[in-house]
Each structure stands twice: as C-alpha cells, then as structure tokens.
Amino acid sequence: MDSELDAAVRATDTDAAQARLSAVNKGYLSDDVFIQFFIPRSRYLPPRPPLINVGTFIRATAIDMLVDKWIQLFGRVQVVSLGAGSDTRFWRLSTAGKSKSLEHYVEIDFPENTARKAHSIRKNDALNRHLEDITIDQGGTALRSTQYSLIPLDLRNPPSIILAPLISSGLLKRSIPTLFLSECVFVYMPPAASDALVRWFGENFEIVGGTLYEMFGLTDEFGKVMRANLMVTSGVDAYQTLEAQSARYLQHDYTHATSITLKTVRRHYIPSAELQRIAFLEMLDEIEELDLVLDHYVLSWGVKVAPGSDDEVVRHAVSWGIDRVDDPANDKDELEEGEIQQDA
Ligand SMILES: C[S@@+](CC[C@H](N)C(=O)[O-])C[C@H]1O[C@@H](n2cnc3c(N)ncnc32)[C@H](O)[C@@H]1O
C-alpha cells in the first residue's frame, strides 16, 4: 500500500502544473499551449499571485536555456525527465522545430501520474499529433512512441534494476549525449536514491549532463517559514549549500558543475528585455520577498564525458551551461554569493 506521504509527493505535480498554467495565462510564458490539456477544468482555476508567476517564469526560462544549449551543442540528443509530472517540454521542443534533434525523450513518474498523463495524451489531438506509432502498455500507465516514452517507475528503486532496461531494450543509447532533468524531484527522495541516479547516468552514457532545480537551505528563518508551507521530505536536508549541490555531481566523477540560486538567475542570467517585458504584466510589490524566496531555490548543472572522448566533444561539454547576460544594467565581473562554479 502506498503511504500518504507518497500521495502528497505525487500531488506536488498538480501544484507545479497549475503554477505553470497561471504563468502561461498571465503572459509570462508564451510558448506553452499544452499545459492546459494536463489540468482538469483548467479554465476555472484562479491565477497565482505575481510572486509565484515570476518565480515560475525564472525557473522555466533558465531550464529551457539549459536544454536548448545542450541541443545546440550536441545536435542529436536524448532527454530523460525524472519525475516529469505534467511537464510539457517535449511538446514545446516539437513545436519549436527541435524534434529532429531528439533521438528519444523519456518521461518517468509514479504510475498514478503517468496513467493520468497517458490518458490526457490519448484524449487530446493537440498532444498526440506530435507522436508517431503510439502504444499504450502496463494497464494504461505506460505510453511508447517513436520519439517519446512515458514510463511508470518509483525512482527510489535502484537504477541498475529500473533504468538499465531502458538501455538493454534499445530505448536509450549509450553513445548519444544524454541530458537528465530533475525539476523539483530529488527533494522528495532519500539522498542515497538521488545519488544513485546521478551516478548511474554518469556511468552509463558517454556524454551526460544533469540539470536540477529545487528548494534548498531551508534552515534560516525565512527557510523555516517556507518549509512549514511547502510539501518537503528529508531529501531537502541533504544538500544545504551551493557547494554541496555541485558536489552531487563532482562526487560521482562529473567533471564540471555549477550551482546558482534563482535570485542570481534573475539578476544575471535572464535578458533584461525579458525582465522588462514581465515587469509590465502585473504589479509586483514584494521585491524583497521575491529575492528571499528565489534565494532558497537552486539551479545546478553538471557534466561528465567518458575518458578518451574527442577534443571537440570535451570542449562542447565544458561550454554547456547558461551564460551570464552581458547587460550593463546588471553586469558584474566577479561571481557573487549565490553562484559557484567548480571543476573536478
Ligand atoms: C513538484 S512535481 C514536479 C513535476 C515536474 N518535474 C515540474 O517541474 O513541473 C514532482 C514530481 O516528481 C514525482 N516524483 C517524486 N518522487 C518520485 C519517485 N520516487 N518516483 C517517481 N516520480 C517521483 C512526483 O510524482 C511529481 O510528479
């Protein structure tokens, strides 16, 4: 029997999806016509407060930039979205003309969530017309297609058991540059389980990148308030600092890792034209509170290349990341407090 805690963890997807829908409806995220299809009665949901919309915009924009850069550097890639929930990235990449770059796109979540998603995909032509040769499997919880697969798994189980079949069945190929995404997922897992996933990806693909976004450092006064208001498990306590977040990768022989807070992302990584555009969408009074909230979310990315890879591949891997925006308005040469870059 599933525990109540697992049900609460699965339900965090509803919150994430509704936050995204709100940011889309308010004009923050303009490219997502798909999220509505994953949310029942989406038309009747009230918008989220401006602070949440801005946070959703910063997070989504930064992760989109990391994914786009991975594709741009490597040309043909695999993406594995861990705890994908109602994420729409596959469809957004398809409509942005990037489906040719996707060797395969895999989404993994608990069976209850994948069943719901598979149902939405089957039901909505706006979603299923982007997929070829769809088959539904495992009692409606799994969906396979030529380029996209939705797979029901509990990611707390050993990856050598649950993920290895993705390679042995030919769904994922070791030689294709592989990006795994963990958007607000590891925080709900025991650290030993999330570590095992980072290690497994590093050991099983020739070129691998990892992207992670989640709340962290919930030990100060503001963090304690956030903790009381958010659904969190002990997973949130494992990596409290930016250095520790980067160590997630480096301890498993990834060669480069960068960790920054979302506050830093907003200040230095989002083009000022975009920040100006969203400033006109809604009145946001609580700038200080926004900074405090964003300071408790981390975006990190790490990369690993198999020894003996050719120089160009290594150069591409090392250059992967999001770049600081060279805006006179917010440019500073030195790295600031909320940002660390480390090489192994
Ligand atoms: C906060 S939601 C984030 C969804 C999506 N990544 C996003 O950012 O919009 C967390 C998701 O991770 C999934 N998840 C958490 N722990 C998991 C586990 N052990 N196995 C599979 N999925 C898990 C939840 O079911 C949920 O869909």
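This note walks through how one helix packs against two others, then turns to the nonpolar cores and to a single arginine.

1. The structure is a predicted model, and the points below should be read with that in mind.

2. Helix α2, which spans residues 50-74, packs against helix α12, residues 272-279, at an angle of about 155°, and their axes lie 12 Å apart. Because angles over 145 degrees count as roughly antiparallel, α2 is described as roughly antiparallel to α12. The crossing of these two helices, α2 and α12, is right-handed.

3. On the α2 side, the contact with α12 is made by Val 54, Phe 57 and Ile 58, while α12 supplies Glu 274, Leu 275, Arg 277 and Ile 278. Sorted by character, the residues of this contact between α2 and α12 comprise 5 nonpolar and 2 charged, with no polar ones.

4. Helix α2 also meets helix α13, residues 287-294; here the axes come within 10 Å and cross at roughly 45°, so that α2 and α13 are oblique to each other. The crossing of α2 and α13 is, once again, right-handed.

5. The residues that make the contact of α2 with α13 are Leu 51, Val 54 and Gly 55 from α2, together with Glu 289, Leu 290, Val 293 and Leu 294 from α13. This set divides into 5 nonpolar residues, 1 polar and 1 charged. Val 54 of α2 thus appears in the contact with α12 and also in the contact with α13.

6. Turning to the interior, the largest nonpolar core holds 70 residues, and those with the most contacts inside it are Ile 121, Tyr 148, Met 215, Val 265 and Leu 299. Helix α2 gives the most to this core, contributing 13 residues. There is also a second, separate core of 32 residues, which includes Leu 153, Met 189, Phe 205 and Val 298.

7. Which residues is Met 215 in contact with, leaving aside its neighbours within four places in sequence? They are Cys 184, Val 187, Tyr 188, Leu 230, Met 231, Val 232, Val 236, His 296 and Tyr 297.

8. Arg 277 has its place in helix α12, and, with a relative accessibility of 29%, this residue counts as partly exposed. Not counting residues up to four places away in sequence, Arg 277 touches Gly 27, Tyr 28 and Phe 57. Although Arg 277 and Gly 27 are 250 residues apart along the chain, their C-alpha atoms are separated by 9.6 Å. Phe 57 and Arg 277 are both among the residues that make the contact between α2 and α12.

Methods
Residues are numbered from 1 along each chain as its sequence is written. This is a predicted model: local features need pLDDT of at least 70, side-chain atom pairs count only at pLDDT 80 or more; totals for chains, interfaces and linings use all residues. Side-chain values use heavy atoms; hydrogens and water are left out. Axes are lines fitted to C-alpha atoms, for helices over the stretch in contact, and angles run from 0 to 180 degrees between N-to-C directions. Helices (H or I, at least four residues) and strands (E, at least two) are DSSP runs, numbered from the N terminus. Angles under 35 degrees count as roughly parallel, over 145 as roughly antiparallel, 65 to 115 as roughly perpendicular and the rest as oblique. A crossing is left-handed if the near helix is turned anticlockwise from the far one by less than a right angle, and right-handed if clockwise. Contact means heavy atoms within 4.5 Å. Ala, Val, Leu, Ile, Met, Phe, Trp, Tyr, Cys and Pro count as nonpolar, Asp, Glu, Lys and Arg as charged, and the others, Gly among them, as polar. A nonpolar core is a set of buried Ala, Val, Leu, Ile, Met, Phe, Trp, Tyr and Cys residues joined through side-chain atoms within 4.5 Å. Buried means under 20% relative accessible area, exposed over 50%, partly exposed in between (1.4 Å probe, protein chains only).
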